[in-house]
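Dear colleague,

Please find the structure below, followed by notes on what was found in it.

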Amino acid sequence: MISITVTALVFGVVFLAELPDKTALAGLVLGTRYRASYVFAGVAAAFLLHVVLAVAAGSALTLLPQGVVHAVTGVLFLGGAAVLMFKKDDGEEEIRRPADQSFWKVAGAGFTLILIAEFGDLTQIMTANLAARYDDPLSVGLGAVLGLWAVAGLGIVGGRALMKKVPLKLITRIAALLMLGLGVWSLWEAAAA
């Protein structure tokens, strides 16, 4: 059974945390050079793989005592909030262009870029934390995949327009405050357990 509440919470957290990330910018760059549907197919597949790995890792954490899980996830959320609050913009990364515009070349480039860039990324760690916290792998996985796909879609299709209307710094601050709140809440639950 999928929990709409958990799915929506995970979607919001992952969406806000991923929006200012360099992979959203990479999707934007790929989307301006290649057919958007081809880029999205590759990026979406890579994000799906990352979420499956993160949910599996988070589900393994649920085998620990509840107080320990809350303490670990609380500390990791606070660390994620600190990373977002104090992160410096390092500019765009170099993106290799496939020699042709075929589906497999473009989707493969998007898949490879995201697979490498996102491995061990903040949103993957957050997804594992959320899977451990809520012990609901389907809801967490669905929320995380939809959040990542939404950011990828925005980055590929409408990233430039969004960044003109909403400052990236504001999005980063909102994501950091949300993670800070989740961290404090998790630590409070750990202390109460």
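In the nonpolar surface patch, helix H7 supplies the largest share, three residues, where helices are DSSP runs of H or I with at least four residues, strands are runs of E with at least two, and both are numbered from the N terminus. The patch, about 470 Å² in area, is made by Ile-2, Ile-4, Leu-138, Leu-142 and Leu-146; patches of this kind join nonpolar side chains (Val, Leu, Ile, Met, Phe, Trp, Tyr) within 5 Å, taken from residues with over 30% relative accessible area and no salt bridge, that is, no Lys or Arg side-chain nitrogen within 4 Å of a carboxyl oxygen of Asp or Glu. Areas come from the Shrake-Rupley method with a 1.4 Å probe. Leu-142 is found in helix H7, and Leu-142 counts as partly exposed because its relative accessibility is 33% (buried means under 20%, exposed over 50%, partly exposed in between).

This is a predicted model, in which local features need pLDDT of at least 70 and side-chain atom pairs count only at pLDDT 80 or more, while totals for chains, interfaces and linings use all residues. Residues are numbered from 1 along each chain as its sequence is written, and side-chain values use heavy atoms, leaving out hydrogens and water.

The chain has eight helices and zero strands, and 43% of its 193 residues count as buried. In the largest nonpolar core (buried Ala, Val, Leu, Ile, Met, Phe, Trp, Tyr and Cys joined through side-chain atoms within 4.5 Å), which has 27 residues, Val-10, Val-39 and Val-140 touch the most other members. The largest share of this core, seven residues, comes from H3.

With kind regards

Terms used
Buried means under 20% relative accessible area, exposed over 50%, partly exposed in between (1.4 Å probe, protein chains only). Patches are made of residues with over 30% relative accessible area and no salt bridge: like charges are joined within 9 Å, nonpolar side chains (Val, Leu, Ile, Met, Phe, Trp, Tyr) within 5 Å.
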